[in-house]
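Colleague: I am new to this structure and would like a close look at a single part, the place where the two chains meet. Could you take me through that part with care, and then set it beside what lies around it?

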Amino acid sequence: MWRLTIRNTLARRARLALTLLAVVLGVTFVTGSLILTDTSQRLLDDQFRTATAGVDLTVRDAAAFDSAMGVEVERDPLPATIVDRIRAVPGVATARPLVRGQGLLSVGGKAIVPSGASVLASWEPAPVGAFSLRAGHPPVTDDELVVDAETALRRHIDLGDTVTVRAEQTTSLRIVGLAGFGDGPGLPNSTVGLVNLPTAQRLLKLGGDVSEVAVVAADGVDTQQLRGRVSAVLGPGYEVSASRDIAASSAAAAKTQVDYLQMMLFALAAAALLVGAFLIANTFSIVITQRTRELAVLRAAGATGAQVLGSVLGEALLVGVTASVAGTGLGVATAAGLRNLAGAFGIALPDGGLVVAPRTAIVAFAIGVGVTIVSAIGPARRAAAVAPVEAMRSAAAPSGRIRTVTGWIVTALGVTALIAVLAGTGSLALVGAAALSGVVGLTLLGPALTPGLARIMGRPLDAAGVPGRLARESAARAPRRTAATALALAFGLALISFMTVLATSIKDSVQQTYTEVISADYVIESARNEMLGGLPNHVHHHVSELPEVAVASRLRYGHWKDGQATDALTAVDPVTLPRVTSLHMVAGNLNAISGGGIILAERVARERHLAIGDSLPMTFSRTGTQRLPVVGLLRDRDAQALSTNYVISLDTFSRHYKENVDASVFVKVADGVSDAAAKKAINAALADAPTAQLRDQAAAVAGRTLMIDQVLGLVTALLMLTILIALMGITNTLALSIIERTREIGLLRAVGMTSGQLRWMIRGEAVLVAGLAIALGVSLGIAFAAGTVAALGRTAELALVVPPGRLLLVVAVAALAGLLAGLLPARRAAKLDVLTAIATS
Amino acid sequence: MTISIAPTQPPQTRSAVAAQARDVVKIYGRGDTAVRALDGASLSIPAGRFTAVMGPSGSGKSTLMHALAGLDTVDAGQVLLGDTDLSRLGERQRTLLRRERIGFVFQSFNLVPTLSAVENIVLPLTLAGRQPDQAWIDELVATLGLADRLRHRPTELSGGQQQRVAVARALAPRPEIVFADEPTGNLDSRAGEALLGFLRHAAHELAQTIVMVTHDPNAAAYADRVVFLADGRVVDDLPEPTVPTILSRMASLDAPALRKKK
């Protein structure tokens, strides 16, 4: 039986090729995602481990938490005197002061803006320092600079060149050396500038203070015990940590940014495999329908039903294993491409050698083989049920009554859940449940609904005469096949429509709340989309002093811990903010935050049962848990325009945060000053802040929605893969259906159907299947986007916006692709020899 | 011969000969495996008559029919339908010619399963974008006893009914010639007799030229004339056939044919 299975698979290799391809693509996707995220995580681990490899303990200012939302908190600097106190502790071999901050490099007047950090640090030789010289000598005097070899290579920086460093102060320095980091030439997506300690202190305006102290234990001294001793000497204001722990927690913080990409990629891989599963099931059931006679002969010759089942599943196993091998190989090859794709959409990932963990191969095989076999179970069971005497059977197996009834029930549950969500009583989880039951329900209902739908949707095909009619009937006559083919495409299209509608809705509401609330003429923001904004603090100072500017008001973001969760707050200047915004206070007034209190978004206050006079406990990294009095409530839309639900004053901010960067500076132009004049003056004031960008309202909105566009772009690009698989499904199904209908085609040709008419008949069927998928997919996508918007709308200002243009584009692309999918089978059908076709029994 | 329903073609194309094969050669395969299915076959099909083509398996009777019907090309010789030389036509022209000027009845699988009986009947016309002549269709349907079966799908019809629908389909465009390939091969004798009776009726009463390929002497006896093929050539011609005369000719043909093969 096993030999027969192999022979069968090989004999139908052309037919199974497309199925194979579907599995291969799915497995490629999974493998690529796993490798990419593994690699990113390994690179981050390595990077942070290298950074602290030669150091046992690190002494920093105490903080309540290390990082929030993937960003490490800034800490207060330490007095330099602490270094001697640490050195005095028995067991300490070395204690070295380190300074670290941000410093933007400029070459020839052009700023180098990496997607990652612009590191500025004090030079420290190994083993304490992680950088090693590749050329030149270390920075000794105050005008010397060492940059990483990678940046030097990319920006053509040579020894002796002059490079400007912009930190708290700006200075031009001479390149005296190039450094590598660990084994590599630099840090991923970053620039590194290394100067001597006094220069670093001067550039970062630290006075005599240092960022941290690196401690190396003497030989034979236990690190944990030494940590206790140093900690005891320094007292509670300082945090003494094992460097290994810091590396781990820094890496973990950086990894949270990779995590969401991994989630997204997995979701997309799941979608690709779901679509692939339909294609596999379809191919197997068609192949088995065609083999019914052969199976009957097998049964008559004494094969048991179980043997037939085993034979078909064996075939699936062969396909699954082959596809998994190919998919894993391709996944390794595409992981780098996937990284570039993510990069093209603005999502930067560390670059380096690929990590192929054994787990990746295991998961790839489990999924590839698993999906193939599970998809083949249904057809295999039908094959096993073939009776030995069965010579021919009716073209369309009657669709199961139980299946249909179950399908209706499950679909009804999904629809009910969706209606509940739309009525405003459901959560996001309920939307997910509704989507799941929708997918399951429609999969079950497909064969029952298809004939009717195909006949209605296919009406326009009648205009094409008999070929059109026959195309419609052919789709309606094989409901199981048509349903599976159309559903595969429909789910891909549903995901794309869903993402499109959701993203448009979010962008639209961002724009609406922004334009409604922010009345500033311009906003200055950092071109790098940093979590906290990253605008140097002198920008506000320079701009507000311009005579062309009536008022400049700045915003800062900060992270805080709300129990275990991390949240963000916005700090504002209560005096100037009202002049650049039109805020609607629901209770209290904005000025009240000057006293150290907090204003909450109305909805947050309601959820937390807080009113003016109550207080909110908040944990800050620098100052620990504080209770801030609630002094006002802000309308939800306005809070959204300020990006958070918590608003404090800049004074309060400076008490709890060390971070010294602005998120936005809102600018109102002085009366009588033309736009052009104002723009010119402001841009001149921004000359020493290369990352600062002057944006009008439209550009400001675009900056706020950039992330959405990036994710939408990446997801759409990857979802096209699902569409591709689904289209191969159409090609496959039609090719098989042509084999099934050889005699009918022969007859049609004999009685006078031209090959052109025949081609249109096949293409018509392809377009009809695509049309069914489009109708179903796009409406599903819109419905679930509406549900998601409704669910999200309970916690944010959000209204459904359906973008007709973009959806029409999706529809047009899918219809065209359907036509393309029909080209090959149509050509094949037209090439069928009339006589052979008639003679086929 | 009553011409109550006038044929669409002008009378001159309805002259004595409806179709003709002249020294037709058809070779399948190449080199050592080449088979001369037709080896200089010549045949004239008289218009308005019912001609049967008989011959043992492998005699080339189906190949000859396919060549005459424009379903297949020939390697040498000439095939004429009326004044049209089929050997000069391309694939598309032959397709158009088939749907305009030729009708077919096959042994089985004559009907498109997704179309109703009446849709199958008018299929060649709709493929050509022509309006069916309703009176003519009505008459065909009435004569063939299909009036109450028009809305049915092929799977809902008996074998005999299916073949009668196929005959109606073949006659619907008023073709110059109808080819029937073993039309009764899958029918029981009663249904077969009814169908053959109708084919004869169509030739005699409706002036329809009909060519039927068969190996069944009982079926061939319905024809006005039987042509015998052996080894790719026309070897005999029997006018006004009866079952006994057919059987005796077949017996005399079979023996040399077998001898030759050995």
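Modeller: Between chain B and chain A there are 3 salt bridges, and in one of them the side chains of B:Glu119 and A:Arg469 meet, with 2.3 Å from N to O. Please bear in mind that this is a predicted model, and that the distance just given is computed from its atoms. Polar contact across the interface of chain B and chain A is found for 7 residue pairs, with both residues of each pair at pLDDT 80 or more. On the side of chain B that touches chain A, the elements that give two or more residues are α2 (91-101) and α4 (123-127) of chain B, and it is α2(B) that gives the most, with 6 residues. Sorted by character, the residues on this side of chain B comprise 12 nonpolar, 6 polar and 8 charged ones.

As for the extent of the contact, chain B brings 26 residues to it and chain A brings 21 residues. The area buried between chain B and chain A is about 2,100 Å², and carbon and sulfur atoms give 65% of it. Of the area that chain B buries against chain A, 28% is supplied by B:Phe109, B:Thr114 and B:Leu127, which is more than any other three residues supply.

Turning to the nonpolar interior, the largest nonpolar core holds 143 residues, and the members that touch the most other members are A:Leu489, A:Ile730 and B:Phe179. The element that gives the most to this core is helix α7 (residues 243-290) of chain A, with 17 residues. If residues up to four places away in sequence are set aside, A:Ile730 touches A:Leu489, together with A:Thr485, A:Ala766, A:Val769, A:Ala770 and A:Ala821. Another core, of 47 residues, lies apart from the largest one, and among its members are B:Leu140, B:Ala168, B:Leu206 and B:Ala220.

One residue of chain B deserves a separate word: B:Gln163 lies in helix α6 (residues 159-171) of chain B. Because its relative accessibility is 5%, B:Gln163 counts as buried. A polar atom of the B:Gln163 side chain lies 3.0 Å from the backbone oxygen of B:Phe106. Leaving out residues up to four places away in sequence, B:Gln163 touches B:Phe106 and also B:Val105, B:Gln107, B:Asn110, B:Pro183, B:Leu187 and B:Leu195.

Methods. Residues numbered from 1 in each chain as written. Chains lettered and ligands numbered in written order. Predicted model: local features only at pLDDT ≥ 70, side-chain atom pairs only at ≥ 80, totals over all residues. Heavy atoms only, no water. Helix = DSSP H or I, 4+ residues; strand = E, 2+ residues; numbered from the N terminus. Buried < 20%, exposed > 50% of the residue type's maximum accessible area, 1.4 Å probe, protein only. Polar contact = N/O pair within 3.5 Å; in protein donor to acceptor, adjacent residues only side chain to side chain. Contact = heavy atoms within 4.5 Å. Buried area = accessible area lost by both parts, 1.4 Å probe. Salt bridge = Lys/Arg side-chain N within 4 Å of Asp/Glu carboxyl O. Nonpolar A, V, L, I, M, F, W, Y, C, P; charged D, E, K, R; others polar. Core = buried A, V, L, I, M, F, W, Y, C linked by side-chain atoms within 4.5 Å.
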